[in-house]
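Subject: Structure handover

Hello,

Here is the structure for your next round of work. Please open it first, then read the notes below.

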Amino acid sequence: LKPFSQSDLAADDISSISDVGQGHPIAEILGDAAKSYMVNLAFVLSINIPLNWGKEAIPFLAHFKGDMALAFVNSAFFCGLFTPLFSSCFIGKGVAAGKIEPPDRDSVSKSCLRCCLLGRGLALRCIFLSLFDVLVFGGSTIALGKLICGSDSVCELPVYAFLAIISVWSVPVQLVTSLGNFTSVAHLARERFPTCGVHLAASQEASVSLQAALTFLAALFSDGALQGPP
């Protein structure tokens, strides 16, 4: 039997046990963003494929009539509109079950988004995120496209290339939108589900007990315990 010393139980391994029962914020946000991305992408493709069916190319800017600029703006708008509608309920349930920990109150109070996003309900959150996505992502994309095209009167792409670009372009839009909605819902759910702290405290208490048990076992099987009395 090889002696087992307490040093064999790494401090990092013990401290990582304290995360038992709590969803990692990054993993939760990415999971929520992935589900919302699939829904929004399916909607975007279901609109743009029929509209451009049979076309070989699509212009970038043609007075917002069947062009790529309109497609980017619509994609950004519906991303901000649909994300809170589809994911807010699941985020709230995660907070109520203790799987998601709400953001720190002090951080929320110091945030510049506390008035327009973090403290708002579903309807205002949808409006804000939709307008934000259109102005930031839609506006910047149109400006960049105009810069690339320059004065070229014919600036277009094959339809399949446009569909691939808008699919990739939607990823950062979805990540930013999901991050804002996730933080807002988790913050508001703290007031709607006051028992969420009980679940989190219980999971933390269980983690501390498990950590103490492992520390005891490490001491029990330490070098001194295995050597016996002199």
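Start at Phe-72. Setting aside neighbours within four places in sequence, Phe-72 is in contact with Phe-60, Thr-141, Phe-162, Ile-165, Ile-166 and Trp-169. Bear in mind that this is a predicted model.

Phe-72 also belongs to the largest nonpolar core, which has 16 residues. Phe-72 is listed there among the residues with the most contacts inside the core, together with Phe-60, Met-68, Phe-162, Ile-166, Trp-169 and Val-173. Three helices, H3, H6 (122-149) and H7, each supply at least two residues of this core. H7 provides the largest share, six residues. Another core lies apart from this one. That second core has eight residues, including Val-95, Phe-182, Val-185 and Ala-186.

Now the empty space. How many cavities of 30 Å³ or more does the structure hold? One. The volume of the largest cavity is about 50 Å³. Its lining consists of Tyr-37, Asn-40, Leu-41, Val-44, Ser-75, Cys-79, Ser-170, Val-173 and Gln-174. Val-173 thus turns up twice: it lines the cavity and is listed among the residues with the most contacts in the largest core.

Which helices supply the lining? Helices H2 (25-51), H3 (68-96) and H7 (159-192) each give at least two residues. H2 gives the most, with four. By class, the lining has five nonpolar residues, four polar ones and no charged ones.

Best wishes

Technical notes. Residues numbered from 1 in each chain as written. Predicted model: local features only at pLDDT ≥ 70, side-chain atom pairs only at ≥ 80, totals over all residues. Heavy atoms only, no water. 1 Å grid on protein atoms, 1.4 Å probe; cavity = no way out; pocket = protein on both sides within 12 Å on 5 of 7 lines; lining within 4 Å. Points joined across faces, edges and corners; volume = space filled by probe spheres on them. Nonpolar A, V, L, I, M, F, W, Y, C, P; charged D, E, K, R; others polar. Core = buried A, V, L, I, M, F, W, Y, C linked by side-chain atoms within 4.5 Å. Buried < 20%, exposed > 50% of the residue type's maximum accessible area, 1.4 Å probe, protein only. Contact = heavy atoms within 4.5 Å.
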